[in-house]
Amino acid sequence: MTPSPLEQRNPYKGGPPRGWIRVGLVDPAGVVEGVDLLADTGSPFLVIIGLARLQRFLFTPAPSLATNYGRLRGGRIRVVIPALAFDRIILGHGSDAVITDVRKSHPDFAGLVGLPFLRLMRYGGDADWFWIRPAGAASP
Amino acid sequence: MTDEQRLEANEAAYERLKPMIDQTYPKGWFVAVADDQVVAAAATFEELYAALKAAGRDPREVLTAEAGVECPGHADIIGLSIRSGGEAQA
């Protein structure tokens with residue numbers, strides 16, 4: 001299947017099958033690392049990654065927050081999705097407990113994006129694929 | 001002071017200063033807290049970050065927050081903890 005222009009389309013992976021997206025994390029020096037993030041509309045956080053990765057990509061610390069996974073450390077991180085021309089510094093969180101659970105779905109996952117992140121764009125899926133498009137993109 | 005101690009001190013200062021921050025700065029402005037006070041503020045994070053660098057501060061040694069944004073005391077990550085079984089499992 002050929003993705004539309006300005007779209008990222010990924011087959012589900014993991015057990016149970018999970019939608020996911022690939023983003024670039026950019027550190028303050030401009031070094032980029034691509035990571036796969038599980039898409040979880042049940043999460044009220046923009047992005048959650050491991051504590052070491054949060055520290056590596058941190059621009060500034062931000063307030064932490066208590067959750068059912070324990071305390072999540074806050075920090076502002078730069079996230080890019082070149083296919084969508086998406087490039088923003090956003091409020092991220094770090095938690096190794098969350099990442100341990102994320103990797104039970106699939107070891108490739110370096111974290112998760114929650115509903116607030118997905119609401120910055122259009123997102124959807126069908127039986128085989130999960131996709132994201134820019135906020136202003138036309139429906140399929 | 002270790003990084004951990006600095007972070008805890010800045011978080012405690014932010015909690016204490018939050019009512020003043022919300023009253024002083026327009027909603028959505030970004031503020032930087034360090035040394036028990038607001039050390040910089042700007043309309044965007046990028047402007048705040050540039051101001052911190054221009055002032056010779058290490059941005060990793062301050063805490064930044066948005067004015068007027070309420071943070072819940074506790075949040076649940078629901079979807080991640082759900083494991084499918086039975087009919088729901090493909």
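Two exercises with worked solutions follow, and both rest on a predicted model.

**Exercise 1. Work out how the helices and strands of chain B are arranged, and in which order the strands stand in the open sheet.**

Step 1. Begin with the elements: chain B contains two helices and four strands, and reading along the sequence gives the pattern α-β-β-α-β-β.

Step 2. Turn next to the sheet of chain B, in which three strands are placed in the order β2-β1-β3 with antiparallel pairing. Its edge strands are β2 (37–42) and β3 (63–66) of chain B, each of which pairs on one side only, and neighbouring strands are turned against each other by 30 degrees on average, direction ignored.

Step 3. Look more closely at one pair: β1 (residues 30–34) of chain B joins β2(B) through five bridges in the antiparallel sense, and here B:V33 stands opposite B:V38.

Step 4. Finally, add the helices. Helix α1 (residues 3–24) of chain B lies across β1, β2 and β3 of chain B, at about 130 degrees to β1(B), while helix α2 (residues 45–54) of chain B lies across β1, β2 and β3 of chain B as well, at about 125 degrees to β2(B).

**Exercise 2. Find which residues have the most contacts inside the largest nonpolar core, and follow A:I81 outward from there.**

Step 1. The largest nonpolar core has 25 residues, and those with the most contacts inside it are A:V47, A:I77, A:I81 and A:F117.

Step 2. Once neighbours within four places in sequence are left aside, the residues in contact with A:I81 include A:I21, A:V23, A:F86, A:F117, A:M121 and A:I132, and also A:Q8 and A:R22.

Step 3. Apart from this core lies another, of 14 residues, among them A:W20, A:L38, A:F45 and A:L112.

Conventions: Residues numbered from 1 in each chain as written. Chains lettered and ligands numbered in written order. Predicted model: local features only at pLDDT ≥ 70, side-chain atom pairs only at ≥ 80, totals over all residues. Heavy atoms only, no water. Core = buried A, V, L, I, M, F, W, Y, C linked by side-chain atoms within 4.5 Å. Buried < 20%, exposed > 50% of the residue type's maximum accessible area, 1.4 Å probe, protein only. Contact = heavy atoms within 4.5 Å. Pairing = 2+ DSSP bridges. Axes fitted to C-alpha atoms, helices over the stretch in contact; angles between N-to-C directions.
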